[in-house]
Amino acid sequence: METGIRRDPLASRVRRVKPSGIRRFFDIAATMEDVISLGVGEPDFTTPDHICQAAIRSIEAGNTHYTSNSGTIELRRAIAGELKKHTGVSYDPAHEILVTVGVSEAVDLALRAVVEIDDEVVTPDPGYVAYEAGIILAGGVPVPVPTSAADGFEPRAAAVAAAVTPRTKAILFGSPNNPTGSVISRAELEGIAAIAQERDLIVISDEIYSRLVYGVEHVSIASLPGMSERTIMLNGFSKAYAMTGWRVGYAAAPRVILEAMMKIHQYAIMCAPTDAQAAALQALGEGEPDVERMLAEYARRRRTIVDGFNSIGLVCHEPRGAFYAFPSIAITGMTADDFTEKLLNEERVAVVPGDAFGAQGAGYIRCTYCAAHDKIEQAIERIGHFVARHRA
Ligand code: PLP
């Protein structure tokens, strides 16, 4: 008898998810020497020492067990304080805050908690790669809202309204946005809030880059009148505190939604890592000078990279947040894939093709400025040589 699997072993929704377009070039880059990577979206800084020490102390004190499924109450209280300070919204740490394994888990929980099979979820394009995948894995249908360089890639409320149908359940967006660095203004958020209220939609607001903004205010949509009741706000420690490897983030939402997310979390995850929660508590308590120090350095690099791209002919809008530049490569006439591969082979600079983040990213590349300032200068010089050779 045939003993191998004879039926399709995979669920169709998993088949429908494309592998992330971000990692592809890094396997090639890893085999090469002298590569400058503007590819991976994570801080090049190591976690501030006092934060690491807090985790070490926690382990040494014997805190090696599970915590409450929701996260330690001390951390949830500190998160509530942080949210009150930065957004003005009050959340009950006992019922409205859940500590998660990064914002990654929180995105997945939020979608799985609210999306019914075939529900539509409206989300800006280009946008973070996990959004589309998360919507599909939750059984939903992603509906892209096109954004454009002419608007600095800021999603327009009118475009959101145009994407909403009777089947829409939620709007999911990140502000500041990965990959474009766009920050949604208060006025556009008010427009989006009005649509959500009129059409009775849930808003999933990924605010992981909320502390990394340059000369503009970050507004949480949950802080607008009537919006905390229908918003799942997500934030975390990976970016602002340089804590990607610790895997800790959180969701804040109305109790009925939070409890549904918690139900999934307790079965799938149990709790976020205990030592990471101790580190996160320390970050909220004492990490503000670190956030400011790193932010100042990102601001300096941002100026260099954006001006650098514009000076070599790759037109680059002003990113207002996060740590990504998203220049146009139209001048070369190449596809983003072609550009990325040739740039890596010829000049040893790793970037990410813009269409890895959605169809509207075609003709752009995403470059992080999570690299030392002098590396960014060198990268711009190398890309400048490349562009000079390949101008269409
Ligand atoms: N959301 C956005 C917009 C991101 O860019 C990232 C990471 O790149 C995440 C969420 C995931 O972050 P975490 O490390 O908290 O899981």
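This briefing describes the overall build, the two sheets, a helix pair and several individual residues of one protein model.

The model is predicted, so local features are reported only at pLDDT of at least 70 and side-chain atom pairs only at pLDDT 80 or more, whereas totals for chains, interfaces and linings use all residues. Residues are numbered from 1 along each chain as its sequence is written, and side-chain values use heavy atoms, with hydrogens and water left out.

**Overall build**

- The secondary structure comes to 13 helices and 12 strands, where helices (H or I, at least four residues) and strands (E, at least two) are DSSP runs numbered from the N terminus.
- The radius of gyration is 21 Å, close to the 21 Å that the globule rule gives for 392 residues, so the protein is as compact as a globular protein of that length; the radius is taken over C-alpha atoms, and the rule is 2.2 Å times the number of residues to the power 0.38.
- Taken along the principal axes, the box filled by the C-alpha atoms is roughly 65 × 60 × 50 Å.
- Of the 392 residues, 54% count as buried, a term that means under 20% relative accessible area, with exposed meaning over 50% and partly exposed lying in between (1.4 Å probe, protein chains only).
- Among contacts (heavy atoms within 4.5 Å) between residues at least 6 apart in sequence, 76% join residues at least 24 apart.

**The seven-stranded sheet**

- Seven strands form an open sheet with mixed pairing, in the order 2-8-7-6-5-3-4; two strands are said to pair if DSSP finds at least two bridges between them.
- The edges are strand 2 (97-100) and strand 4 (141-146), each of which pairs on one side only, and the twist averages 20 degrees from one strand to the next.
- At one edge, strand 2 runs antiparallel to strand 8 and is joined to strand 8 by four bridges, with Ala252 in strand 8 as the bridge partner of Ile97.
- Both faces of strand 2 are covered, since Ile97 and Val99 on one side and Leu98 and Thr100 on the other are all buried.
- At the other edge, strand 3 (residues 120-125) and strand 4 run parallel and are joined by six bridges, and Asp125 has Pro146 in strand 4 as its bridge partner.
- Helix 9 (residues 255-268) lies across strand 2, strand 6 (202-206), strand 7 (231-236) and strand 8 (249-252), running at about 30 degrees to strand 2; axes here are lines fitted to C-alpha atoms, for helices over the stretch in contact, and angles run from 0 to 180 degrees between N-to-C directions.

**The three-stranded sheet**

- A further open sheet consists of three strands in the order 9-12-11, with antiparallel pairing, and its edge strands are strand 9 (324-325) and strand 11 (352-353).
- Strand 11 pairs with strand 12 (residues 365-368) over two bridges in the antiparallel sense, and Ile365 in strand 12 is the bridge partner of Pro353.

**Helix 12, helix 13 and Thr332**

- Helix 12 (residues 336-347) packs with helix 13 (residues 373-390) at an angle of about 115 degrees, their axes being 10 Å apart.
- Phe339, Lys342, Leu343, Glu346 and Glu347 of helix 12 meet a set of helix 13 residues that includes Arg382, Ile383, Phe386 and His390.
- Thr332, in the loop between strand 9 and helix 12, is buried with a relative accessible area of 6%.
- Leaving aside residues up to four places away in sequence, Thr332 touches Phe339, His390, Arg391 and Ala392.

**Backbone details**

- The peptide bond from Asp125 to Pro126 is cis, with omega near 0 degrees, and Pro126 is found in the loop between strand 3 and helix 6 (129-137).
- Asn178 and Pro179 are also joined by a cis peptide bond, with omega about 25 degrees; Pro179 is in the loop between strand 5 (168-174) and helix 8 (186-199).
- Asp34, a residue other than glycine, has a positive phi near 60 degrees; Asp34 is in the loop between helix 2 (24-30) and strand 1 (36-37) and is exposed, with a relative accessible area of 52%.
- Phe153 has a positive phi of about 60 degrees although it is not a glycine; Phe153 is in the loop between strand 4 and helix 7 (157-163) and counts as buried at 2% relative accessibility.
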